[in-house]
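Here is my note on the structure you sent, set out as numbered points. I begin with the surroundings of the ligand and then turn to the chain itself.

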Amino acid sequence: MQQFPEFNPQARILLGPGPSNVSPRVLKAMASPMLGHLDPDFIALMEEIKKLLRTVFQTGNEITFPVSGTGSAGMESALANLIEEGDEAVVGVNGVFGARAADCAERMGAKVHRVEAPWGRIVDPQEIEAALKACKRPRLVAVVHAETSTGVLQPVEEISQLAHQYGALMVLDAVTSLGCIPVHIDRWQIDACYSCTQKGISAPPGLAPLTLSERAMAAIGERKTKCRSWYLDVAMIAQYWGTERIYHHTAPISMNYALYEALRIVVEEGLEARWARHLQNAAALQAGLSAMGLKFVAQEGHRLPQLSAIEAPAGIDEAAIRAALLRSYNMEIGAGLGPFKGKVWRIGLMGESSRRANVVLVLNALEQLLTDAGVEIARGRALAAADAVYAKSA
Ligand SMILES: *Cc1c(COP(=O)(O)O)cnc(C)c1O
């Protein structure tokens with residue numbers, strides 16, 4: 001018989017663009033006994049999960065549940081259900097994830113108006129309006145709240161107002177924002193919003209929280225054609241997550257245990273406190289990175305607290321630095337995507353990973369490795385800058 005070794009992964013410090021570190025409480029929850037997907041105890045858990053998700057999304061939306069699959073399944077679900085062949089969609093594209101939404105909308109049959117901005121800049125609401133004006137009957141506007149490829153925080157309220165003014169639905173990618181920074185579905189009048197479990201919520205990857213407004217559900221109810229995706233058809237899945245409990249596909253049971261425990265941790269901490277923690281640790285990290293002379297990709301004033309994209313210094317093998325971080329410090333940071341490949345690092349401080357100890361460790365490790373690689377850095381300045389941020393808020 002062939003022997004297969006046991007797999008015993010290291011407990012890494014996860015400071016990439018996700019997954020983030022997962023609390024032992026969540027891992028323990030996943031080891032709980034299996035239940036059937038129609039077991040009354042599991043159904044009770046589903047109800048609690050819906051309530052918790054409404055809290056973190058800041059919404060009263062009835063249709064709020066975790067889609068089976070990662071954040072991308074949430075994106076595909078929102079777009080597959082809202083788009084019919086020939087619909088016009090206005091999509092903001094200033095990085096990888098906006099480009100994916102545009103691609104996905106096209107695959108669902110939409111005529112897509114891409115509103116582009118250079119990577120590192122926000123999408124301009126005026127250009128969204130110009131695209132809306134150019135549409136005969138825009139079906140939806142989609143933008144990415146936290147563009148993880150560049151570290152840009154997109155303001156969404158004005159775009160949402162414009163969408164509604166022109167009779168379109170507003171779709172928001174909150175995959176990297178939920179659980180890290182404020183996401184106000186009702187206040188901002190977002191019609192469809194999708195997220196994930198492995199970034200700000202700090203559960204393993206595998207579910208995609210989705211919320212749909214009454215307006216979105218009415219639009220789905222008025223479809224002339226069936227949703228192009230069978231697996232992600234919200235009208236059918238709502239009969240399982242709603243009161244009818246009609247089997248559609250088997251819910252990922254243990255992932256729901258994990259999500260429930262992770263959401264319990266989020267509300268125990270409190271949303272406001274959690275957002276403040278992300279802001280503070282980000283301020284310290286970004287002060288430290290600046291003190292090291294590193295440059296940010298995202299424009300000033302629109303930088304994400306939970307993800308800092310920085311340019312690797314000229315002449316430095318960025319992949320070698322990441323490999324050394326993993327080898328010597330047991331720490332993961334992210335590489336650049338697309339045109340940023342080989343040029344950019346992405347440091348995430350999301351959910352459980354957003355901690356002072358991690359800020360201190362990554363700054364010190366980067367300083368050491370860059371100095372070793374020949375970059376001239378005044379040792380200790382980064383940590384002093386980070387400490388000054390904490391001292392100010394103590
Ligand atoms: C990570 C991410 C996604 C994709 O989520 P997966 O869980 O990897 O499928 C989509 N949008 C944004 C903004 C992301 O950061």
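1. In this predicted model, the shell around the ligand is made up of Thr-70, Gly-71, Ser-72, Phe-97, Val-144, Ala-146, Thr-148, Asp-173, Val-175, Thr-176, Gln-198 and Lys-199. Sorted by class, this shell has 4 nonpolar, 6 polar and 2 charged residues.

2. Three of the shell residues, Thr-70, Gly-71 and Ser-72, deserve a separate look for their polar atoms. A polar atom in the side chain of Thr-70 is 2.6 Å from an oxygen atom of the ligand, and for Ser-72 an N or O atom of the side chain lies 2.5 Å from a ligand oxygen. With Gly-71 the atom concerned is a polar one of the backbone, at 2.9 Å from an oxygen atom of the ligand. As for burial, the ligand taken alone exposes 380 Å², of which the protein buries 88%.

3. Which pocket does the ligand occupy? The ligand sits in the second largest pocket, a point to keep in mind if pockets are to be ranked by size.

4. The count of salt bridges comes to 17. One pair that I would single out is Asp-87 with Arg-139, whose closest N and O atoms are 3.3 Å apart. This pair links distant parts of the chain, since Asp-87 belongs to the loop between α3 (71-82) and β3 (88-93), while Arg-139 is in strand β5 (residues 138-144), 52 residues apart.

5. Two features of the backbone should be noted when the model is prepared for further work. The peptide bond that joins Gly-18 and Pro-19 is cis, with omega at about 0°, and Pro-19 has its place in the loop between β1 (13-15) and α1 (24-30). Ser-202, although not a glycine, has a positive phi of about 60°; this residue is found in the loop between β9 (192-194) and β10 (207-212).

Notes:
Residues numbered from 1 in each chain as written. Predicted model: local features only at pLDDT ≥ 70, side-chain atom pairs only at ≥ 80, totals over all residues. Heavy atoms only, no water. Near = heavy atom within 4 Å. Polar contact = N/O pair within 3.5 Å; in protein donor to acceptor, adjacent residues only side chain to side chain. Areas by Shrake-Rupley, 256 points an atom, 1.4 Å probe, with all protein chains shown as cover. 1 Å grid on protein atoms, 1.4 Å probe; cavity = no way out; pocket = protein on both sides within 12 Å on 5 of 7 lines; lining within 4 Å. Sits in = over half its atoms within 2 Å of the grid points. Nonpolar A, V, L, I, M, F, W, Y, C, P; charged D, E, K, R; others polar. Salt bridge = Lys/Arg side-chain N within 4 Å of Asp/Glu carboxyl O. Helix = DSSP H or I, 4+ residues; strand = E, 2+ residues; numbered from the N terminus.
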